[in-house]
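Could you walk me through this model in a viewer, one selection at a time? I would like to know what to select next and what is there.

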Amino acid sequence: MKKIFTVVMAVAFAFSVVGLAVAADNAVKAAPAAEKASKPKAKAVTGTGTIEALDAAAGTLTVKGKKGSVDLKAGKNVKLDSFKVGDTVSVTYADGTASSVKAVKGKKTTTKTETKTTTETMPAAPAPAPAPVKK
C-alpha cells in the first residue's frame with residue numbers, strides 16, 4: 001500500500017511540474033501581446049492645411065497647418081495620386097499615419113474688378129404739372 005501511494009504521489013508531482021512549465025512558457029509567449037494591448041491608442045486628429053511636400057509613390061506627405069507642419073504616411077486606404085503640392089486638404093491622422101485625406105474646396109476669392117459695381121443714373125422723372133390756379 002505504501003508503494004502504491006508513493007507511485008501515485010510521484011506521478012502527481014511530475015504532472016504538476018510539467019503543468020507549471022507549460023504555463024510559464026505560455027506566459028512568456030503572451031507577454032508581448034499583452035504589452036501591445038496595454039499600449040493606449042493615440043487619439044485621431046483632424047486638421048486642415050496645405051500640402052508642402054508629396055511623394056505619392058512612397059505614400060508620404062507633409063501638410064502645413066495653423067500649428068505647424070506635420071509629416072505623414074498615407075494609410076492603406078488613402079490614395080495620394082489626385083493631390084499635388086499646394087492643394088488645401090483636410091487630414092485625419094494618428095501616430096503619423098493619415099487615415100483620411102480629402103481636398104478642401106477653396107473659398108472663392110473676389111477681386112476688386114469683380115466687386116466693382118456700376119450704377120447707371122436713371123433719367124429723372126418729369127416734374128408733375130403744376131396744379132391749376134383758381135381765380
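Helices, of type H or I and at least four residues long, and strands, of type E and at least two residues long, are DSSP runs numbered from the N terminus. Keep that in mind for the labels used below, and note before we start that this is a predicted model.

**The whole chain**

Begin with a cartoon view of the protein chain. You should find two helices and five strands, and following the chain from the N terminus takes you through them in the order α-β-β-β-β-β-α. If you colour by accessibility, 14% of the 135 residues count as buried.

**Helix H1 and its patch**

Now select residues 2–38, which make up helix H1, and look for Phe15 within that helix. Is Phe15 buried or exposed? Phe15 is exposed, because its relative accessible area is 62% and the cut-off for exposed is over 50%. Add Val7 and Val11 to the selection: together with Phe15 they form a nonpolar patch on the surface. The accessible area of these three residues together is about 310 Å².

**The barrel**

Hide the helices for a moment and show the strands. Five of them close into a barrel, and going around it you meet them in the order S1-S2-S3-S5-S4, with mixed pairing. From one strand to the next, the twist averages 50°. As a reminder, strands of a sheet pair through backbone hydrogen bonds, either parallel or antiparallel.

Take S1 and S4 next. Strand S1 covers residues 45–55 and pairs with S4 in the antiparallel sense over six bridges. To see one of the partners, select Thr48, whose bridge partner in S4 is Ser90. Stay on Ser90, as Ser90 also stands opposite Lys102 in S5.

That brings us to S4 and S5. Select residues 88–94 for S4 and residues 97–103 for S5; these two strands pair in the antiparallel sense over six bridges. Besides Ser90, you can pick out Thr92, which has Ser100 as its bridge partner in S5, and Ala94, which is partnered by Thr97 in S5.

Thr97 is worth a second click. Lys73 also has Thr97 as its bridge partner in S5. Strand S3, residues 68–74, pairs with S5 in the parallel sense over two bridges.

**The hairpin turn**

Zoom in on the loop between S4 and S5, where Asp95 has its place. The hairpin of S4 and S5 has two residues between the strands. What is the phi of Asp95? Asp95 has a positive phi of about 55°, although Asp95 is not a glycine. Asp95 counts as exposed, because its relative accessibility is 66%.

**Across S2 and S3**

Select residues 60–65 to bring up strand S2, and find Thr62 in that strand. Thr62 is buried, because its relative accessible area is 14% and buried means under 20%. Show side chains here: that of Thr62 makes a polar contact with the side chain of Asp71, at 2.6 Å.

Then move to Val70, which lies in strand S3. With a relative accessible area of 25%, Val70 is partly exposed. Try a distance from the C-alpha of Val70 to the C-alpha of Gly49: the two residues are 21 apart in sequence and 9.7 Å apart in space.

**The salt bridge**

For the last stop, ask the viewer for charged side chains. How many salt bridges does the structure hold? The structure holds one salt bridge. Select Lys84 and Asp87, whose side chains meet in that salt bridge, with 3.5 Å from N to O. In general, side chains of opposite charge can pair when their charged atoms come close. Colour the pair by accessibility as well: Lys84 is exposed, with a relative accessible area of 55%, whereas Asp87 counts as buried at 18% relative accessibility.

Conventions
Residues are numbered from 1 along each chain as its sequence is written. This is a predicted model: local features need pLDDT of at least 70, side-chain atom pairs count only at pLDDT 80 or more; totals for chains, interfaces and linings use all residues. Side-chain values use heavy atoms; hydrogens and water are left out. A salt bridge is a side-chain nitrogen of Lys or Arg within 4 Å of a carboxyl oxygen of Asp or Glu. Buried means under 20% relative accessible area, exposed over 50%, partly exposed in between (1.4 Å probe, protein chains only). Two strands pair if DSSP finds at least two bridges between them. Axes are lines fitted to C-alpha atoms, for helices over the stretch in contact, and angles run from 0 to 180 degrees between N-to-C directions. Patches are made of residues with over 30% relative accessible area and no salt bridge: like charges are joined within 9 Å, nonpolar side chains (Val, Leu, Ile, Met, Phe, Trp, Tyr) within 5 Å. Accessible areas come from the Shrake-Rupley method with a 1.4 Å probe; for residues, only the protein chains shown count as cover. A polar contact is a pair of N or O atoms within 3.5 Å; within protein, one must be able to donate a hydrogen and the other to accept it, and residues adjacent in sequence count only if both atoms are side-chain atoms.
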